[in-house]
Amino acid sequence: MLSGWSHWKVQPPDRPLSPAEWRKLKESLGNPQRFDSQMMLALFNSGGDLDIAKSLMTFVAMETGTLSYELLLRYLTLCVSGGHDTEVFDVYDIMKGSFPSLDTGASSLFIKSFSRTARWRETLNILHEVKKVFNPSPRNYGDVIAGAMLHGDKTTAWALYDEVLGQRLSPRQETWEALFKGVRKTEEDKGKEAEGMSESEHREKLLEILLYMRNNQIYPQVSLASSIKTWFESLPGQKWTGHWTSTTSKGVCRCCGSELESIQLTAEEYQQLKGKVMTDVIQGKDVFNKTTPEELGRFRAFMKRKPAFDVVIDGLNVAGISKDRSKLSETLLAVVSELERRGLTILVLGRKHMLRPSKSWNRLNMNLIQQKAYCFFTENISEDDPFLLYAALHSGNHCQFVSRDLMRDHKACLSDEATRQLFFKWQRGHQLVVDGYVAASGSVRFLSIPSYDTIVQTSADSWHLPYDDTEDRSTHEVPQRWLCLTKKHEHTHS
């Protein structure tokens, strides 16, 4: 794409140049093709001085009499990222006047910029134009929603938010933050309150966001959690207070002393989940993409002949903890040995190719694994998860599984929301994860599974939100920090 001089280190000037100076610079570089686009990109990458960029645009317009779409788009990117919204309006007029339609890149940039200005309503038209060609992204919607909230139009903001959910898109945390931050009221706005959405409707919609987080196992980032705390504490006449806290190992909130929900499924919940997974996932269309009915039959017969397992290991996945390809069987053996030391009945699910001796799969290690654990090896193209789910659920509620995966894809196959909640809860309570790497000595540690459930939860007068205070939490670890929100009651004296 970058022809001519892309391998040169383009050094943009440090001040605006006259057209004559630009021409001289261009000639000194050998009049490369796409000089203007490359130079604009270099300006953007070096921090984007607006006046230098404008002088380049003037030079190109004088030199060629026209501005290319690509150049305008790069200039637009520079203006939007630098917050130069007035210049963005100028580019909008030029592009609308010169080109029959805008691409996603330009539309998204205009939406982002317009939404933070008094011209925010125009983003609704841009969004409408975008919809004719493709589905807007959660970020596009989020920018317009933030613009509407910023300018006091809650009704429009929530209508767009409902559209996001209706499209099955996942809202961005920044969007939730904009909704919780809400409208900073001025005196004149107070009179308009009656026209739009009522405060109680707005409040209901915000509480629904918290339930959405619960149902989709989402943890708010610190900045969103702070906005939620501020919102609760500012509710008129309700006396909520929020505290940043943690829980005891038994799942008691260190701030208000209330007990968090247990991670255990009840017997009824377990039966419901087991029944659904067996029908939806294991006998569903999902499995047979990669697994033959014969193989599933062979596995079922195998399970009938075996005792109930205490732990099921996704062999390939667990071996892959080792980044060293020659240590795969050694890693798997170390994990199996640790679980055997605990006196557990183990099933290892593997693929047939693991039985062919190779640098990765040492025959001696594989023989030892087969002595310590029951093993079932599937065809090399099979999907492991359905076998893992079947074995674990078939063995009973005490059975745990070892995998680094978060079987997200299976939630798609589960037909209803309630079962999806149970599936994730079961997973959070039964998934053993190897802590870090397997040491050279072969010792293995597992992350402990808390007895309480790390999920947004509420009771009559409290909310507890586990929040993310780290960027690098891996998917199977849960946050350790909580926001505790409690409501004080007025004591009335008779």
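The following paragraphs lead through a predicted model, from one helix and its packing to charged pairs, backbone angles and cysteines. In this predicted model, local features need pLDDT of at least 70 and side-chain atom pairs count only at pLDDT 80 or more, while totals for chains, interfaces and linings use all residues. Residues are numbered from 1 along each chain as its sequence is written, and side-chain values use heavy atoms, with hydrogens and water left out.

A good place to begin is helix 7, which spans residues 122–133; helices here are DSSP runs of H or I with at least four residues, numbered from the N terminus. Its buried residues are Thr123, Ile126, Leu127 and Val130, where buried means under 20% relative accessible area, exposed means over 50%, and partly exposed lies in between, using a 1.4 Å probe and protein chains only. These residues sit on the same side of helix 7, because they cover an arc of only 100 degrees around the axis, the arc being that of the directions from the helix axis to the C-beta atoms. On the other side of helix 7, Asn125 and Lys132 are exposed. The buried residues pack against helix 5 (85–98), helix 6 (104–114), helix 8 (138–150) and helix 9 (154–166), with contact meaning heavy atoms within 4.5 Å.

The next topic is charge. A search of the whole structure finds 25 salt bridges, each defined as a side-chain nitrogen of Lys or Arg within 4 Å of a carboxyl oxygen of Asp or Glu. One of them joins Asp85 and Arg116, whose closest N and O atoms are 3.1 Å apart. This pair links distant parts of the chain, since Asp85 is in helix 5 and Arg116 is in the loop between helix 6 and helix 7, 31 residues apart. Asp85 is buried at 14% relative accessible area, whereas Arg116 is partly exposed at 33%.

Lys154 and Glu199 also meet in a salt bridge, at 2.9 Å from N to O. Lys154 lies in helix 9 and Glu199 in helix 12, so the pair ties together parts 45 residues apart in sequence. A further salt bridge, between Asp162 and Lys205, has an N to O distance of 2.9 Å, and this pair links helix 9, which holds Asp162, to helix 12, which holds Lys205, 43 residues away. Salt bridges also link Arg34, Glu70 and Arg74 in a network.

Which side chain of opposite charge is nearest to the buried Lys26? It is Glu63, 4.4 Å away, and Lys26 has no salt bridge; in this count Lys and Arg are positive and Asp and Glu negative, while His and the chain ends are not counted. Lys26 is found in helix 1 (residues 19–28), and, leaving aside its neighbours within four places in sequence, it is in contact with Asn31, Pro32, Phe35, Phe59 and Glu63.

Turning to the backbone, most residues other than glycine have a negative phi. Arg168, in the loop between helix 9 and helix 10 (173–181), has a positive phi near 60 degrees, and this residue is exposed at 75% relative accessibility. Gln217 likewise has a positive phi, near 55 degrees, but Gln217 is buried, with a relative accessible area of 13%.

Finally, a search of the whole structure finds zero disulfides, a disulfide being a pair of cysteine sulfur atoms within 2.5 Å. The sulfur of Cys256 is 3.8 Å from the closest cysteine sulfur, in Cys253, which is too far for a bond.

Technical notes:
Helices (H or I, at least four residues) and strands (E, at least two) are DSSP runs, numbered from the N terminus.
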